[in-house]
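Please look through the sequence and the model below, beginning with the chain as a whole and then turning to single residues.

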Amino acid sequence: QLQASGGGLVQAGGSLRLSCAASGTIGRINTMSWYHQAPGKQRELVARIFSDSTTYYADSVKGRFTISRDNAKNTVYLQMNPVKPEDTAVYYCNLAGPGINTWGKGTLVTVSS
């Protein structure tokens, strides 16, 4: 089970940190990702971190967002700085691994201009 938190209203140029904690036994070989879905659009991959801490970012967030993970806490973070109005979306975390593909409930991020 995944529990995401940290969403809210923020002004453009500001920062926000999302967290997603996984409960239960998830194993060490897994990939944790953040997706977002803006109104009327498809869900898109924002950032991903692999078990060896290799990261991937969508072009739209490169240089602005940072994904990290704390394996001891089974938690993945998304540091968003600076945010833009086009970052407004519901953000979802995902955990994938052998026999696992789990989504958390989304957390809404609203960026005002």
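The paragraphs that follow go from the overall fold to the disulfide, then to selected strand residues, and last to backbone details in the loops.

The model shown here is a predicted one, and its secondary structure can be stated briefly: the protein chain contains zero helices and 11 strands. Read from one end of the sequence to the other, the chain therefore gives an uninterrupted series of strand symbols, β-β-β-β-β-β-β-β-β-β-β. The C-alpha trace, taken along its principal axes, spans about 40 × 25 × 20 Å. The radius of gyration of the protein chain is 13 Å, and because a compact globule of 113 residues would have a value near 13 Å, the two agree.

Several totals describe how the chain is packed and what it presents to the outside. Of the 113 residues in the protein chain, 39% are buried. When contacts between residues at least 6 apart in sequence are considered, 49% of them join residues at least 24 apart. The exposed area of the protein chain is about 6,200 Å², with carbon and sulfur atoms supplying 48% of it. As for charge, the chain carries 11 positive and 6 negative side chains, and the centres of these two sets lie 6 Å apart.

A search of the whole structure finds one disulfide, and this bond is formed by Cys20 and Cys93, whose sulfur atoms are 2.0 Å apart. The pair links distant parts of the chain, since Cys20 belongs to strand β3 (residues 16-22) and Cys93 to strand β9 (residues 89-97), with the two positions 73 residues apart in the numbering. The torsion about the S-S bond of Cys20 and Cys93 is about 55°, so the disulfide is right-handed. Are the two cysteines buried or exposed? Cys20 has a relative accessibility of 1% and therefore counts as buried, and Cys93, with a relative accessibility of 1%, counts as buried too.

Strand β3 also holds Ser19, which is buried because its relative accessible area is 16%, a value under the 20% that marks the limit for buried residues. Leaving aside residues up to four places away in sequence, Ser19 touches Gln3, Ala4, Ser5, Trp34, Val76 and Tyr77. One of these partners, Val76, can be placed in strand β8 by its number, as that strand covers residues 75-80.

Gln37 lies in strand β4, which covers residues 31-37, and at 26% relative accessibility it counts as partly exposed. Which residues does Gln37 touch, when those up to four places away in sequence are not counted? They are Gln42, Arg43, Ala89, Val90 and Tyr92. Gln37 can also be compared in position with Asp87: the two are 50 residues apart in sequence, and their C-alpha atoms are 9.4 Å apart in space.

Ile100 has its place in strand β10, made up of residues 100-103, and with a relative accessibility of 22% Ile100 counts as partly exposed. Along the chain Ile100 and Ala58 are 42 residues apart, and their C-alpha atoms are separated by 23 Å.

The backbone deserves a separate look. Most residues other than glycine have a negative phi, and most peptide bonds are trans. Against that background, the bond joining Asn81 and Pro82 is a cis peptide bond, with omega about -5°, and Pro82 sits in the loop between β8 (75-80) and β9.

Positive phi values are found at Ser53 and at Asn74. For Ser53, a residue other than glycine, phi is near 75°; Ser53 is located in the loop between β5 (44-49) and β6 (55-57), and at 45% relative accessibility it counts as partly exposed. For Asn74, likewise not a glycine, phi is about 50°; Asn74 is located in the loop between β7 (65-70) and β8, and its relative accessibility of 22% means that it counts as partly exposed.

Methods. Residues numbered from 1 in each chain as written. Predicted model: local features only at pLDDT ≥ 70, side-chain atom pairs only at ≥ 80, totals over all residues. Heavy atoms only, no water. Helix = DSSP H or I, 4+ residues; strand = E, 2+ residues; numbered from the N terminus. Rg over C-alpha atoms; globule rule 2.2 N^0.38 Å. Buried < 20%, exposed > 50% of the residue type's maximum accessible area, 1.4 Å probe, protein only. Contact = heavy atoms within 4.5 Å. Areas by Shrake-Rupley, 256 points an atom, 1.4 Å probe, with all protein chains shown as cover. Lys, Arg positive; Asp, Glu negative; His and termini not counted. Charge placed at Lys NZ, Arg CZ, Asp CG, Glu CD. Disulfide = S-S within 2.5 Å.
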